[in-house]
Amino acid sequence: MNCNRTPALARRLRHVLVAVVLAAIPLVARAQGEANPPLPVQRITAGMHVIQAEVADTPGERMLGLMNRDSLAPNSGMLFVFEEAGVHCFWMRNTRIPLSIAFIDDDGAIVNIADMQPFDEANSHCPARPVRFALEMAQGWFAQRGIREGTRLRAAPLFGTRGPPAQAGQR
């Protein structure tokens, strides 16, 4: 092995590490105090109910989510979109608003719903099975409208475009 290459490789690795750390600083700083800027909105329907959901579909947007927001507009929320189905768990770090989260499969059916308390970092809220989508709304929004596990949501072209729509509360 040529020992002259080791210092050059070490320098390159240090440069890459420094670049990664510097790139992460804005995301960490924002997670500590600033809210996510408004994101593109996706129209989602649940029977007769219409939701305007901001779409968080990058790692940075998903990490910040609804952190540091003081309120949600009526019938508004945030849709988290992942590249692959998985058991994507959520917590409430720096989140001031009590939320309900619906985990949604590729057909738009709600797998399960969990209520989440503000600033709760001790509890993780996870889907009952792997999913690609999660929708956060003001706490109680789903229950108040009779929307529960098995209800099919529609959000073309993302999910729920196959088969007849289920009415709120139907399975």
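A polar contact is a pair of N or O atoms within 3.5 Å, and within protein one of the two must be able to donate a hydrogen while the other accepts it. Keep that in mind as we walk through this structure, which is a predicted model.

Let's begin at E54, a residue of strand 2. The side chain of E54 has a polar atom that sits 2.8 Å from the backbone nitrogen of L39. Is E54 buried or exposed? E54 is buried, because its relative accessible area is 14% and the cut-off for buried is under 20%. If we set aside the neighbours within four places in sequence, the residues in contact with E54 include P37, P38, L39, P40 and V41. R69, G77, M78 and L79 are also among the contacts of E54.

One of those contacts deserves a second look. Side chains of opposite charge can pair when their charged atoms come close. Here, E54 and R69 meet through their side chains in a salt bridge, with a distance of 2.8 Å from N to O. E54 belongs to strand 2 (residues 49-56), while R69 belongs to the loop between helix 2 (59-64) and strand 3 (76-86), so this pair ties together parts that are 15 residues apart in sequence. R69 counts as buried too, at 12% relative accessibility.

How many salt bridges does the structure hold? There are five, and we will visit two others besides the pair we have just seen. In one of them, the side chains of R62 and E83 meet, with N and O 3.5 Å apart. This pair links distant parts of the chain, since R62 is in helix 2 and E83 is in strand 3, 21 residues apart. What is the relative accessibility of each partner? R62 counts as buried at 14%, whereas E83 is exposed with a relative accessible area of 56%.

Next comes the salt bridge between R132 and D106, where the closest N and O atoms are 3.7 Å apart. R132 lies in strand 6 (residues 131-138) and D106 in the loop between strand 4 (99-104) and strand 5 (110-116), so the pair ties together parts that are 26 residues apart in sequence. R132 counts as partly exposed, with 23% relative accessibility. D106 counts as partly exposed as well, at 40%.

Stay with R132 for a moment and look at what surrounds this residue of strand 6. How far is R132 from F82? In sequence they are 50 residues apart, yet in space their C-alpha atoms are 5.0 Å apart. Leaving out neighbours within four places in sequence, R132 is in contact with residues including F80, V81, F82, E83, E84 and A85. I104 and D106 are also among its contacts. E83 therefore appears twice on our route: as a contact of R132 and as the exposed partner of R62, with a relative accessible area of 56%.

Now for a link of another kind. The count of disulfides comes to one: C89 is joined to C126, with the two sulfur atoms 2.0 Å apart. The torsion about their S-S bond is about 115°, so the disulfide is right-handed. The two cysteines are 37 residues apart and link distant parts of the chain, with C89 in the loop between strand 3 and strand 4 and C126 in the loop between strand 5 and strand 6. Both fall into the partly exposed class: C89 has 40% relative accessibility, and C126 has a relative accessible area of 31%.

Finally, turn to the backbone. Which residues that are not glycine have a positive phi? N68 is one of them, with a phi of about 65°, and N94 is another, with a phi of about 55°. N68 lies in the loop between helix 2 and strand 3, and N94 lies in the loop between strand 3 and strand 4. N68 counts as buried, at 9% relative accessibility. N94 is buried, with a relative accessible area of 14%.

Our last stop is the peptide bond from A156 to P157, which is cis, with omega near 5°. You can find P157 in the segment after helix 3 (141-144).

Note on methods
Residues numbered from 1 in each chain as written. Predicted model: local features only at pLDDT ≥ 70, side-chain atom pairs only at ≥ 80, totals over all residues. Heavy atoms only, no water. Salt bridge = Lys/Arg side-chain N within 4 Å of Asp/Glu carboxyl O. Helix = DSSP H or I, 4+ residues; strand = E, 2+ residues; numbered from the N terminus. Buried < 20%, exposed > 50% of the residue type's maximum accessible area, 1.4 Å probe, protein only. Disulfide = S-S within 2.5 Å. Contact = heavy atoms within 4.5 Å.
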